[in-house]
Amino acid sequence: ELASAVKEEYPDIEIESRLGGTGAFEIEINGQLVFSKLANGGFPYQQALIEAIRRARNGEPLEKITNSRPPCIIL
């Protein structure tokens, strides 16, 4: 879902995914960690990620994304 949203906003962007440990989901932009699911407990909001990419493209300093959506729990 996040990758699709990023590609829709920035069609020329390169997205690379790697298998990680259980529960791990991290996002790096230009080699800088900007989000960690293990640290934040959920997934980033789409708009926060789009904004981080916009900042990187404009040469602005990157900040960590610290807000996240709660994880989905199916009972």
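E60 is partly exposed, with a relative accessible area of 28% (buried means under 20%, exposed over 50% and partly exposed in between, using a 1.4 Å probe and protein chains only). The side chain of E60 also meets that of R54 in a salt bridge, at 3.2 Å from N to O; the term stands for a side-chain nitrogen of Lys or Arg within 4 Å of a carboxyl oxygen of Asp or Glu. Keep in mind that this is a predicted model, where local features need pLDDT of at least 70 and side-chain atom pairs count only at pLDDT 80 or more, while totals for chains, interfaces and linings use all residues. Residues are numbered from 1 along each chain as its sequence is written, and side-chain values use heavy atoms, with hydrogens and water left out.

**Salt bridges**

- Side chains of opposite charge can pair when their charged atoms come close.
- A search of the whole structure turns up 7 salt bridges.
- R54 doesn't stop at E60: its side chain also meets that of E51 in a salt bridge, at 2.5 Å from N to O.
- R54 and E51 are 3 residues apart in helix 3, so about one helical turn separates them.
- R54 is partly exposed at 28% relative accessible area, and E51 counts as partly exposed too, at 31%.
- Zoom out a bit and you get a network of salt bridges linking E51, R54, R55, E60 and E63.
- Elsewhere, E16 forms a salt bridge with R18, and their closest N and O atoms are 3.4 Å apart.
- Both E16 and R18 are exposed.

**Helix 3**

- Helices here are DSSP runs of H or I with at least four residues, strands are runs of E with at least two, and both are numbered from the N terminus.
- Helix 3 covers residues 46–57, which makes 12 residues.
- From first C-alpha to last, helix 3 reaches 17 Å, close to the 16 Å expected at 1.5 Å a residue (the expected span is 1.5 Å times one less than the number of residues).
- Tucked away in helix 3 are L49, I50, A52, I53 and A56, which are buried.
- These buried residues cover an arc of only 160 degrees around the axis, so they sit on the same side of helix 3 (the arc is that of the directions from the helix axis to the C-beta atoms).
- What covers the buried residues of helix 3? The cover includes helix 1 (2–9) and strand 1 (26–29).
- After helix 3 comes G59, whose phi is positive, near 75 degrees.
- A48 is in helix 3 as well, and at 22% relative accessible area A48 is partly exposed.
- Leaving out residues up to four places away in sequence, A48 touches I65 and N67 (contact means heavy atoms within 4.5 Å).
- A48 and S68 are 20 residues apart along the chain, and their C-alpha atoms are separated by 9.1 Å.

**Helix 1**

- In helix 1, the buried residues are L2, A5 and V6.
- They span an arc of only 100 degrees around the axis, which puts them on the same side of helix 1.
- Flip to the other side of helix 1 and you find S4 and E8, which are exposed.
- The buried residues of helix 1 pack against strand 3 (43–44) and helix 3.

**Strand 2**

- S36 lies in strand 2, which runs over residues 32–36.
- With 11% relative accessibility, S36 counts as buried.
- Not counting residues up to four places away in sequence, S36 touches F25 and E26.
- Q32 is in strand 2 too, and its 35% relative accessibility makes Q32 partly exposed.
- With the sequence neighbours up to four places away left out, Q32 touches I27 and L62.
- Q32 and K64 are 32 residues apart in sequence and 9.1 Å apart in space, C-alpha to C-alpha.

**The largest pocket**

- The largest pocket holds about 990 Å³ of space.
- Of the 25 residues that line the largest pocket, I15, E16, E26, I27 and E28 are the closest to its centre.
- Helix 1, strand 1 and helix 3 are the elements that give two or more residues to this lining.
- A pocket is found on a 1 Å grid over the protein atoms alone, as an open set of points where a 1.4 Å probe fits, with protein on both sides within 12 Å along at least five of seven lines; lining residues have an atom within 4 Å of a point.
- Grid points are joined across faces, edges and corners, and the volume is the space filled by probe spheres set on the points.
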